[in-house]
Amino acid sequence: MPLYIGVMSGTSLDSIDAALCEISSNNAPALLAHHDHSFPAGLREELIGLCQPGSNEIERMGRADRELGAVYAEAVITLLKEAGLSADAVAAIGCHGQTVRHRPPSSAQPASSAFTLQIGDANTLAMLTGITTISDFRRRDIAEGGQGAPLAPAFHKAVFASPTSDRAIVNIGGMANITLLPAKGQCSGFDTGPGNVLMDTWIHQQKALAFDDGGRWAASGKIDNALLQQLLALPYFQHESGPRSTGREDFDAALLSNIPGNIRGEDVQATLLEFTAQTIAAPLLRLDSRPSQLYACGGGAYNTALIQRLETLLHPMIVTSTQQLGIAPEWVEAMAFAWLAHRRLEGKSGNIPSVTGAAREVLLGAVYPP
């Protein structure tokens, strides 16, 4: 049965996830092995810097593109070594790449000039690993008038949908997105706003930690209602209908630069957690027919305080993780891009127009032979 590797580095830039999957046309993907690969510190900072306008961007992006492609290759080679496999055993790598700019269609960005850009040179990745690499998944959807994101809902539908219950999947990475999977009817999905990105940024600034383990620091603080209302009034939340997506362009460190100095650090963290929880819960609460279960994936699934807050806001909806459906939360996205690579080689579409707003279903991804 064909083997595929999915490679994913998300908005939080906490690590590179590489997942080895067995995929056939008729069965759900099986996760055979996985590897969590650290970013070189200098490259991580450069990638974060490239997410906002700056000087000498083309030179900086070109260097980061090549370096990131090589680091992705390191992750794949390490995964294969740990799994005891050769490159010949793998049909293809599906590599999302690192988003450095996302300007989807919006009221301020007409579809004709919308664009999205992910770097991490697929030529370098294919050459160093000796494996066919599929990358650049988002731009064809943009060309068809879509948002280019989120793409994971197609995978969520394939592996998590139930014919007997209405479900929702929430991916809480740097950004958060929801997939609605009704037992009958059309799948839909959208980005809700920030997931971990603001919480991670704040705790890194204040305590030099990569993330708030279990949400414990947030749980020690109190919500500042004035700051919360200021965040909820941001432009992204004023347009709640139709396909929508977002990124660091809307939610980054600049939002935290004007926080009054009289607010305790833990109170800011508590407020940022509440902000993420409310913006995830709000679109679910607006539904006429709500799903009975919400399954969380991504790193935020392990933020105990955040999940508990979602349980409170969404009661009586059951809130749990995708582990209950057979896939550990931290590997869902990497598996999604292995699956999308499989779809590309099979000549099958990878987007869902009801999610992205694209004019039609299309093949996603460009193929780079070794």
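A disulfide is a pair of cysteine sulfur atoms within 2.5 Å, and that cut-off frames the opening views of this predicted model.

**View A. Cysteine 95 and its closest cysteine sulfur.** By this rule, the count for the structure comes to 0 disulfides. Why is cysteine 95 without a bond to cysteine 21? The sulfur of cysteine 21 is the closest cysteine sulfur to that of cysteine 95, yet the two are 14 Å apart, so they are too far for a bond. Cysteine 95 is also buried, with 1% relative accessibility.

**View B. Cysteine 187 and cysteine 297.** Here is a second case: the closest cysteine sulfur to that of cysteine 187 belongs to cysteine 297 and is 13 Å away, too far for a bond. Cysteine 187 counts as buried because its relative accessibility is 5%.

**View C. Phenylalanine 137 with phenylalanine 337.** Searching the whole structure gives 8 aromatic pairs. One of them joins phenylalanine 137 and phenylalanine 337 edge-to-face, with 5.3 Å from centre to centre and 65 degrees between the planes. Phenylalanine 137 sits in the loop between strand E7 (133-135) and helix H4 (139-143), while phenylalanine 337 belongs to helix H11 (residues 332-345), so the pair ties together parts that are 200 residues apart in sequence. Both phenylalanine 137 and phenylalanine 337 are buried.

**View D. An aromatic cluster.** Which residues should you look for here? Tyr236, Phe237, Phe251 and Phe275 form one aromatic cluster together.

**View E. Arginine 244 and phenylalanine 190.** To finish, have a look at a charge over a ring. Arginine 244 lies over the face of phenylalanine 190, 4.3 Å from the ring centre.

Terms used. Residues are numbered from 1 along each chain as its sequence is written. This is a predicted model: local features need pLDDT of at least 70, side-chain atom pairs count only at pLDDT 80 or more; totals for chains, interfaces and linings use all residues. Side-chain values use heavy atoms; hydrogens and water are left out. Buried means under 20% relative accessible area, exposed over 50%, partly exposed in between (1.4 Å probe, protein chains only). Rings of Phe, Tyr and Trp (its six-membered ring) pair if their centres lie within 6.5 Å; planes under 30 degrees apart count as stacked, over 60 as edge-to-face and the rest as tilted. Helices (H or I, at least four residues) and strands (E, at least two) are DSSP runs, numbered from the N terminus. A charge sits over a ring if NZ of Lys or CZ of Arg is within 6 Å of the ring centre and within 35 degrees of the ring normal.
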